[in-house]
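Welcome, and thanks for opening the viewer. Keep the selection tool at hand, and let us walk through this model one stop at a time.

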Amino acid sequence: VLDFYIDTLLRKPTKTCFANKSDEGWLSSMFAHKVDARKDAHSNLLSKKDTSNLYKIQFHNVKPECMEAYNKMSDEVQKELHRDADYPCEVVGSWNTWYGEQDQAVHLWRYSGGYPALTECLHKLNRNMVYLAFRKERSKMLISRCNQLLLEFSFWNEPAPRSGPNIYELRTYQLVPGTMIEWGNNWARAIKYRQENNEAVGGFFTQIGELYLVHHLWAYKDLQSRQETRNAAWLKEGWDVNVHYTMPLIQKMESRIMIPMEHSPLQ
């Protein structure tokens with residue numbers, strides 16, 4: 001009985017009487033502006049309606065002795081793709097991991113026009129002899145690689161180029177299947193607590209690849225400012241509520257601290 005009562009408190013808050021108005025206001029906010037998960041797929045309910053952007057994130061595990069050559073070659077090829085208006089894609093950011101999995105490169109791409117733009121870009125790249133040569137040479141430098149297709153949460157700001165120097169944190173959450181709507185409802189209210197210092201870069205969830213995966217991308221001046229910014233969030237009324245209600249939704253979480261590559265629009 002006790003376990004059932006605790007689980008009910010964590011997952012399904014109910015209306016009760018509170019002693020003061022501030023608590024009552026907090027309770028009413030928990031029931032406001034919620035997405036109805038039964039009306040549509042969560043990808044349609046949680047993603048941005050005013051854009052048709054599709055994102056791809058790539059994780060490349062590079063042979064340690066090849067890291068410098070890999071970065072230089074990626075820089076040259078990505079610059080060429082950016083200059084060519086015929087490709088409906090752009091690099092949002094490219095990084096090397098600093099803390100987390102070592103000797104790893106992370107690339108975030110945006111396809112303006114969704115899946116048709118992705119398909120068009122792939123067809124053109126497969127006819128691009130320079131790119132095909134790059135891909136062949138790159139394969140000699142890699143240990144492994146994986147990618148995911150992502151949509152961005154409607155309540156997050158869209159990633160935009162920024163000047164540096166900054167470090168970036170990619171926080172990845174593996175959610176319990178079936179809880180994406182609940183996650184979105186909580187973060188739609190909570191994101192305001194993490195935007196005051198311009199640290200919020202982008203928030204995404206997977207469409208293809210490992211599913212029920214969420215990526216939050218943050219920017220900080222350094223590790224000390226990261227600590228101070230995160231500590232300051234706990235002083236804001238409401239942030240603790242978000243943590244309380246989202247922690248039970250998480251199966252696994254990971255943090256990467258990343259350094260921008262020289263050509264990255266996010267510096």
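Two residues are in contact here when heavy atoms of theirs lie within 4.5 Å. One more thing before we set off: what you have on screen is a predicted model.

**Stop one: a tryptophan and its surroundings**

Select Trp 183. Which residues is Trp 183 in contact with, leaving aside its neighbours within four places in sequence? Phe 153, Tyr 173, Leu 175, Val 214, His 216, Thr 246, Leu 249 and Ile 250 make up the list. Now widen the selection to the largest nonpolar core, which has 49 residues. Trp 183 is among the members that touch the most others, together with Tyr 70, Tyr 111, Phe 153, Trp 187 and Val 214. Apart from this core lies another one, of 16 residues, including Tyr 55, Leu 150, Phe 204 and Ala 219. As general background, nonpolar side chains in soluble globular proteins tend to be buried together.

**Stop two: helix 7**

Next, select residues 180–190, which form helix 7. This helix is mostly covered, with 9 of its 11 residues buried. Colour the buried ones and you will pick out Trp 183 and Trp 187, and also polar or charged names such as Asn 185, Asn 186 and Arg 189.

**Stop three: the barrel**

Show the strands as a cartoon. They include a closed barrel of 8 strands, in the order 1-3-2-8-5-7-6-4, with antiparallel pairing. From one strand to the next, the twist averages 35°.

Zoom in on strand 6, residues 200–208. Strand 6 is mostly covered: 7 of its 9 residues are buried. On one side, strand 6 pairs with strand 4 in the antiparallel sense, over 4 bridges; look for Leu 151 opposite Phe 205 of strand 6. Strand 6 is also joined to strand 7 by 5 bridges, again running antiparallel. Here Ala 200 has Trp 218 of strand 7 as its bridge partner.

**Stop four: backbone details in the loops**

Stay with strands 6 and 7 and move to their hairpin, which has 4 residues between the strands. Gly 209 takes a positive phi near 115° there. In the loop between these strands you will also find Tyr 212, whose phi is positive at about 55° although Tyr 212 is not a glycine. Is Tyr 212 buried or partly exposed? Tyr 212 counts as partly exposed, because its relative accessibility is 22% and the cut-off for buried is under 20%.

Now go to Asn 198, in the loop between helix 7 and strand 6. Asn 198 is another residue other than glycine with a positive phi, near 60°. Its relative accessible area of 49% makes Asn 198 partly exposed.

For a last backbone stop, select Gly 164 and Pro 165. A cis peptide bond joins Gly 164 and Pro 165, with omega about 5°. Pro 165 sits in the loop between strand 4 (142–152) and strand 5 (167–175).

**Stop five: charged pairs**

The structure holds 12 salt bridges, and three of them make a good sample.

- Select Lys 79 and Asp 75, whose side chains meet at 3.6 Å, N to O. Both lie in helix 4 (residues 67–83), 4 residues apart, about one turn of the helix. Asp 75 is buried at 11% relative accessible area, whereas Lys 79 is partly exposed at 39%.
- Select Lys 124 and Glu 120, where the closest N and O atoms are 2.6 Å apart. This pair lies in helix 5 (residues 114–125), and its members are also 4 residues apart. Lys 124 counts as buried at 15%, while Glu 120 is partly exposed at 35%. Add Asp 86 to the selection to see a network of salt bridges linking Asp 86, Glu 120 and Lys 124.
- Select Glu 169 and Arg 171, with the closest N and O atoms 2.8 Å apart. Both Glu 169 and Arg 171 are buried.

An α-helix has 3.6 residues a turn, so residues three or four places apart point the same way.

**Stop six: the cysteines**

How many disulfides are there? The count comes to 0. While you are here, select Cys 66, which is buried with a relative accessible area of 17%, and then Cys 146, which is partly exposed at 40%.

Technical notes. Residues are numbered from 1 along each chain as its sequence is written. This is a predicted model: local features need pLDDT of at least 70, side-chain atom pairs count only at pLDDT 80 or more; totals for chains, interfaces and linings use all residues. Side-chain values use heavy atoms; hydrogens and water are left out. A nonpolar core is a set of buried Ala, Val, Leu, Ile, Met, Phe, Trp, Tyr and Cys residues joined through side-chain atoms within 4.5 Å. Buried means under 20% relative accessible area, exposed over 50%, partly exposed in between (1.4 Å probe, protein chains only). Helices (H or I, at least four residues) and strands (E, at least two) are DSSP runs, numbered from the N terminus. A disulfide is a pair of cysteine sulfur atoms within 2.5 Å. Two strands pair if DSSP finds at least two bridges between them. Axes are lines fitted to C-alpha atoms, for helices over the stretch in contact, and angles run from 0 to 180 degrees between N-to-C directions. A salt bridge is a side-chain nitrogen of Lys or Arg within 4 Å of a carboxyl oxygen of Asp or Glu.
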